[in-house]
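Biologist: I'm new to this structure and would like a close look at a single part of it. Please pick a sheet and walk me through it slowly, along with what surrounds it.

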Amino acid sequence: MNKDVADIQGQYKQDGYLTALPILSPEELQQARDAFAELERKHGESYTAYSLHNIHKEFDWVMALAMHPRLLEVVTGVLGPDVILLDSRFICKYPVHSKHAEKQASNGIIQLSNTCNKATDSNEKEEVPFVAWHQDMKYWGFDGGPVLSVWLALDDSLEDNGALQVIPGSHQYGLLPHHQSKRAGNMLSVNQEIPEELVQTEKAILCPLIAGQMSVHDGLLVHASDPNTSNRRRCGYVIRYVPTCTYPIQDPKRPRTFPDTVLVSGFDKYNHFSKKTSKL
């Protein structure tokens with residue numbers, strides 16, 4: 001094991017995340033942005049904001065992002081050599097003052113509204129996209145191993161357009177309670193959030209990214225993101241990876257299937273997800 005991988009493992013174990021990792025070359029980034037622009041033209045921004053789910057088997061360029069050698073070097077450095085791509089989705093926060101963003105909010109196409117910061121005006125109507133403080137594992141439900149989430153930035157992800165915020169080390173707390181969010185605009189599909197009193201917001205760290213960089217975080221890390229108040233799009237490719245030893249826990253209240261898993265590294269001797277899991 002080289003020193004870089006050892007450093008990656010140590011920092012990830014301690015903090016629960018890594019950020020500002022360079023992945024795409026300028027040429028690769030431009031190709032991905034051009035391809036995504038075609039999807040925007042075809043489907044419209046209301047759709048591409050959140051509905052491009054598990055298209056990695058449909059488009060070669062998307063699969064190439066999910067299997068990028070530099071990306072997988074980090075993922076396998078954290079999870080080990082045997083890794084499954086579990087799920088993927090493009091997520092775009094369009095500027096809140098654009099017509100597209102207003103249409104998304106009014107039609108309820110995506111639910112948004114973390115926000116990490118409290119509103120100063122109680123009469124202000126907040127219906128802009130945000131992501132509440134939460135842990136991914138609450139929504140996925142796995143045992144036997146961790147879940148690692150990637151944000152691969154197609155656009156710059158900065159404070160004013162709603163960059164990721166994390167609570168370092170919070171993955172060591174275990175799974176925290178979540179309840180229904182009272183604020184409109186929460187992008188989480190089940191509109192839940194961790195109660196305010198359980199989130200150590202004074203320890204929050206912003207994770208800005210330049211387009212072409214990525215961040216990764218543990219499924220138990222407490223994280224969130226504010227609305228996009230800039231005039232620029234914030235688009236990223238979110239990919240979930242698990243080691244092959246991880247297995248899903250069945251929840252009758254929220255049944256989940258994983259039809260688009262792909263073995264992206266090593267071997268799968270467990271076959272927990274599906275006998276149809278692809279191997280590339």
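Modeller: I'll begin with the whole chain, then take one open sheet and the residues around it, and finish with a few other spots.

First, some ground rules: this is a predicted model, in which local features need pLDDT of at least 70, side-chain atom pairs count only at pLDDT 80 or more, and totals for chains, interfaces and linings use all residues. Residues are numbered from 1 along each chain as its sequence is written, and side-chain values use heavy atoms, with hydrogens and water left out.

The protein chain has seven helices and 15 strands; these are DSSP runs numbered from the N terminus, with helices (H or I) of at least four residues and strands (E) of at least two. Of its 280 residues, 53% count as buried. Buried means under 20% relative accessible area, exposed means over 50%, and partly exposed is in between, using a 1.4 Å probe and protein chains only. Take the contacts between residues at least 6 apart in sequence: 84% of them join residues at least 24 apart. Contact here means heavy atoms within 4.5 Å.

Now to the sheet. It's an open one made of four strands in the order β3-β11-β6-β9, with antiparallel pairing. β3 and β9 (205–207) sit at the edges, and each has a single partner strand, so one side of each has no neighbour in the sheet. From one strand to the next, the twist averages 25°, with axes being lines fitted to C-alpha atoms (for helices, over the stretch in contact) and angles running from 0 to 180 degrees between N-to-C directions.

Further in, β6 and β11 (residues 223–225) pair in the antiparallel sense over three bridges. Two strands count as a pair if DSSP finds at least two bridges between them. You can find one of these pairings by looking at Gln165, whose bridge partner in β11 is Ala224. In general, strands of a sheet pair through backbone hydrogen bonds, either parallel or antiparallel.

Back at the edge strand β3 (residues 131–134), look for His134. Is His134 buried or exposed? His134 is buried, with a relative accessible area of 4%. Its side chain makes a polar contact with the side chain of Asp136 at 3.2 Å. A polar contact is a pair of N or O atoms within 3.5 Å; within protein, one must be able to donate a hydrogen and the other to accept it, and residues adjacent in sequence count only if both atoms are side-chain atoms.

His134 also touches another histidine, His178. His178 belongs to the loop between β6 (164–166) and β7 (179–180), and at 11% relative accessibility it counts as buried. What does the side chain of His178 reach? It comes to the backbone nitrogen of Gln135 at 3.2 Å and to the backbone oxygen of Leu176 at 2.8 Å. Setting aside neighbours within four places in sequence, the contacts of His178 also include Lys138, Tyr139, Gln192 and Pro195.

For another strand, turn to β5 (residues 148–153), where six of the six residues are buried. Leu148, Val150 and Leu152 point one way from β5, while Ser149, Trp151 and Ala153 point the other way. β5 pairs antiparallel with β10 (residues 213–218) over five bridges, and Ser149 has His217 as its bridge partner there. Six bridges join β5 to β12 (residues 234–243), again antiparallel, with Val238 in β12 as the bridge partner of Trp151.

Val150 and Leu152 turn up again in the largest nonpolar core, where they are among the residues that touch the most other members of its 39. Helix α5 (residues 69–79) supplies the largest share of this core, five residues. A second, separate core of ten residues includes Leu86, Met137, Val242 and Phe273. A nonpolar core is a set of buried Ala, Val, Leu, Ile, Met, Phe, Trp, Tyr and Cys residues joined through side-chain atoms within 4.5 Å.

One last stop is His68, in the loop between α4 and α5. His68 is buried too, at 8% relative accessible area. His68 and Leu24 are 44 residues apart in sequence, yet their C-alpha atoms lie 8.3 Å apart in space. The side chain of His68 also reaches the backbone nitrogen of Arg70 at 3.1 Å.
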